[in-house]
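Open the model in your viewer, switch to a cartoon and keep the selection panel handy. We will go from the whole chain to a few single residues.

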Amino acid sequence: MLPNVGDVFSGKVVSTVPFGSFIEHPAGAHGLLHGRQAEVGSSVQVKVLAVDAEQQRFSLELA
């Protein structure tokens with residue numbers, strides 16, 4: 001289940017890539033926090049910027 005645009009949640013950092021970090025939503029989906037390298041395993045407060053239901057992905061920013 002994907003979150004809605006504007007949702008704010010605390011998620012766990014599951015991996016990092018050169019262009020950002022993947023954050024796990026409490027429902028289990030993973031979204032991308034662009035341009036931020038966060039420590040894997042840490043918890044971050046994020047806000048959903050955009051949702052692509054067709055591709056099953058979403059973009060995040062720090063809340």
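Colour by secondary structure and follow the chain along its sequence: the pattern reads β-β-β-β-β. That makes 5 strands and 0 helices, where helices (H or I, at least four residues) and strands (E, at least two) are DSSP runs numbered from the N terminus. The model is predicted, so local features need pLDDT of at least 70 and side-chain atom pairs count only at pLDDT 80 or more, while totals for chains, interfaces and linings use all residues. Residues are numbered from 1 along each chain as its sequence is written, and side-chain values use heavy atoms, with hydrogens and water left out.

**The whole chain**

Select everything and turn it around. The C-alpha trace spans about 25 × 20 × 20 Å along its principal axes. The radius of gyration is 10 Å, which agrees with the value near 11 Å for a compact globule of 63 residues; this radius is taken over C-alpha atoms, and the globule rule is 2.2 Å times the number of residues to the power 0.38.

Now add a surface. About 3,800 Å² is exposed, with carbon and sulfur atoms supplying 50% of it; accessible areas come from the Shrake-Rupley method with a 1.4 Å probe, and for residues only the protein chains shown count as cover. Buried residues make up 30% of the 63 in the chain. Here buried means under 20% relative accessible area, exposed over 50%, and partly exposed in between (1.4 Å probe, protein chains only).

Next, select residues 6-63. The UniProt annotation "domain: S1 motif", from an unreviewed entry, covers this span; UniProt positions are given in the numbering used here, feature names are shortened, and annotations may be inferred rather than shown by experiment. The span is 62% strand and 0% helix, and its end C-alpha atoms lie 10 Å apart.

**Stop one: Ser 21**

Zoom in on strand β2 (residues 20-24), where Ser 21 lies. Is Ser 21 buried or exposed? It is buried, because its relative accessible area is 0%. Show its side chain and draw two distances: a polar atom there lies 2.6 Å from the backbone oxygen of Arg 36, and one lies 3.0 Å from the backbone nitrogen of Ala 38. Leaving aside neighbours within four places in sequence, Ser 21 is in contact (heavy atoms within 4.5 Å) with residues including Val 13, Thr 16, Leu 33 and Gln 37.

**Stop two: Leu 49**

Move to strand β4 and pick Leu 49. Leu 49 counts as partly exposed, at 42% relative accessibility. Which residues does Leu 49 touch, not counting those up to four places away in sequence? They are Val 5, Ser 59, Leu 60 and Glu 61. Glu 61 is 12 residues along the chain from Leu 49, and their C-alpha atoms are separated by 6.7 Å.

**Stop three: Gln 56 and the salt bridge**

Select the loop between β4 (43-52) and β5 (57-62), the place of Gln 56. Check its backbone torsions: Gln 56 has a positive phi of about 55° although it is not a glycine. Gln 56 is exposed, with a relative accessible area of 52%.

Finally, show the side chains of Arg 57 and Asp 52, which meet in a salt bridge at 3.8 Å, N to O. A search of the whole structure finds 1 salt bridge, defined as a side-chain nitrogen of Lys or Arg within 4 Å of a carboxyl oxygen of Asp or Glu. Arg 57 is partly exposed at 49% relative accessible area, and Asp 52 is partly exposed at 27%.

Note on methods: A polar contact is a pair of N or O atoms within 3.5 Å; within protein, one must be able to donate a hydrogen and the other to accept it, and residues adjacent in sequence count only if both atoms are side-chain atoms.
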